[in-house]
Amino acid sequence: NLEAKTAQHLIKDYIDSNAVLQTDKSTTFSDLSDCIDVHVREISGTQEGNFNLKWVHIAISNLKKHLQTYHMISERMMQNYLDEFCYKLNRRYFGQKLFDRLIIASIYPYWHDCG
């Protein structure tokens, strides 16, 4: 849900209190002063807000499209799918060095143990 209490609970649990959080001016993120030190709120309809939040919206829509390719994702495996998406997103500009980086990454076990 998009209630402010839910957002506060999630931010307290999963985001470091020293982090800088940039959000739109949704009422969901209205009062986060006790959860986080720096909270930057922007109206997404303005030119500045459109520029700053544009790539966030693109990444979210790409994530939704990525998750739709898999059917019946269990909660237990969701973190692995999110990690895979982040890995691909962060390495999209490697180009010729992608294979070399993939070999290096395969040496280190990043895949979570699912039990």
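Biologist: How many helices and how many strands are there in the protein chain?
Modeller: In this predicted model, the elements can be read along the sequence, where the protein chain follows the pattern α-β-β-α-α-α. Counting by type, the protein chain has four helices and two strands.

Biologist: Which strand is joined to β1, and by how many bridges?
Modeller: Strand β1 covers residues 20-24, and its partner covers residues 38-42 and runs parallel to β1. One example of the pairing is Thr 23, whose bridge partner is Arg 41. The strand joined to β1 is therefore β2, and the number of bridges is five.

Biologist: Which side chains of strand β1 point to the buried face?
Modeller: In a regular strand the side chains alternate between the two faces of the sheet. Strand β1 shows this alternation, with Val 20, Gln 22 and Asp 24 pointing to one face and not being buried. The side chains that point to the other face, and are buried, are those of Leu 21 and Thr 23.

Biologist: What share of the residues of the protein chain count as buried?
Modeller: A residue counts as buried when its relative accessible area is under 20%. Cys 35, at 6%, falls under that limit and is buried, whereas Cys 86, at 39%, counts as partly exposed. Of the 115 residues of the protein chain, the share that count as buried is 17%.

Biologist: How many disulfides does the structure hold?
Modeller: A disulfide is a covalent bond between the sulfur atoms of two cysteines. To be counted here, the two sulfur atoms have to lie within 2.5 Å. By that rule, the number of disulfides in the structure is zero.

Biologist: Which residue forms a salt bridge with Lys 12?
Modeller: Side chains of opposite charge can pair when their charged atoms come close. The closest N and O atoms of the pair with Lys 12 are 3.9 Å apart, and the cut-off is within 4 Å, so the pair counts as a salt bridge. Lys 12 lies in helix α1 and its partner in the loop between β1 and β2, 22 residues apart, so that distant parts of the chain are linked. Lys 12 is partly exposed at 49%, its partner is exposed at 53%, and that partner is Asp 34.

Biologist: Where does the salt bridge between Glu 84 and Lys 88 lie?
Modeller: This is one of the two salt bridges that the structure holds, and its closest N and O atoms are 3.1 Å apart. Glu 84 is partly exposed at 21%, and Lys 88 is partly exposed at 46%. The two residues are four apart, about one turn of the helix, and both lie in helix α3.

Biologist: Is the aromatic pair of Tyr 70 and Tyr 81 stacked, edge-to-face or tilted?
Modeller: The count of aromatic pairs comes to one, and the ring centres of Tyr 70 and Tyr 81 are 4.6 Å apart. Tyr 70 lies in the loop between α2 and α3 and Tyr 81 in helix α3, so the pair ties together parts that are eleven residues apart in sequence. Planes under 30 degrees apart count as stacked and planes over 60 as edge-to-face; the planes here are at 45°, so the pair is tilted.

Biologist: What is the area of the nonpolar surface patch that includes Phe 99?
Modeller: Phe 99 is found in helix α4, which covers residues 98-107, and at 57% relative accessibility Phe 99 counts as exposed because the limit for that class is over 50%. The patch is made by Phe 99 together with Leu 102, Ile 103, Ile 104, Ile 107 and Tyr 108. Its area is about 640 Å².

Biologist: How far apart in space are the C-alpha atoms of Arg 91 and Leu 102?
Modeller: Arg 91 lies in the loop between α3 and α4 and is partly exposed at 23%, while Leu 102 is one of the residues that make the nonpolar patch. Arg 91 and Leu 102 are eleven residues apart in sequence. In space, their C-alpha atoms are separated by 9.7 Å.

How values were computed. Residues numbered from 1 in each chain as written. Predicted model: local features only at pLDDT ≥ 70, side-chain atom pairs only at ≥ 80, totals over all residues. Heavy atoms only, no water. Buried < 20%, exposed > 50% of the residue type's maximum accessible area, 1.4 Å probe, protein only. Patch = residues over 30% accessible without salt bridge, like charges linked within 9 Å, V, L, I, M, F, W, Y side chains within 5 Å. Areas by Shrake-Rupley, 256 points an atom, 1.4 Å probe, with all protein chains shown as cover. Salt bridge = Lys/Arg side-chain N within 4 Å of Asp/Glu carboxyl O. Phe/Tyr/Trp six-rings, centres within 6.5 Å; stacked < 30°, edge-to-face > 60°. Pairing = 2+ DSSP bridges.
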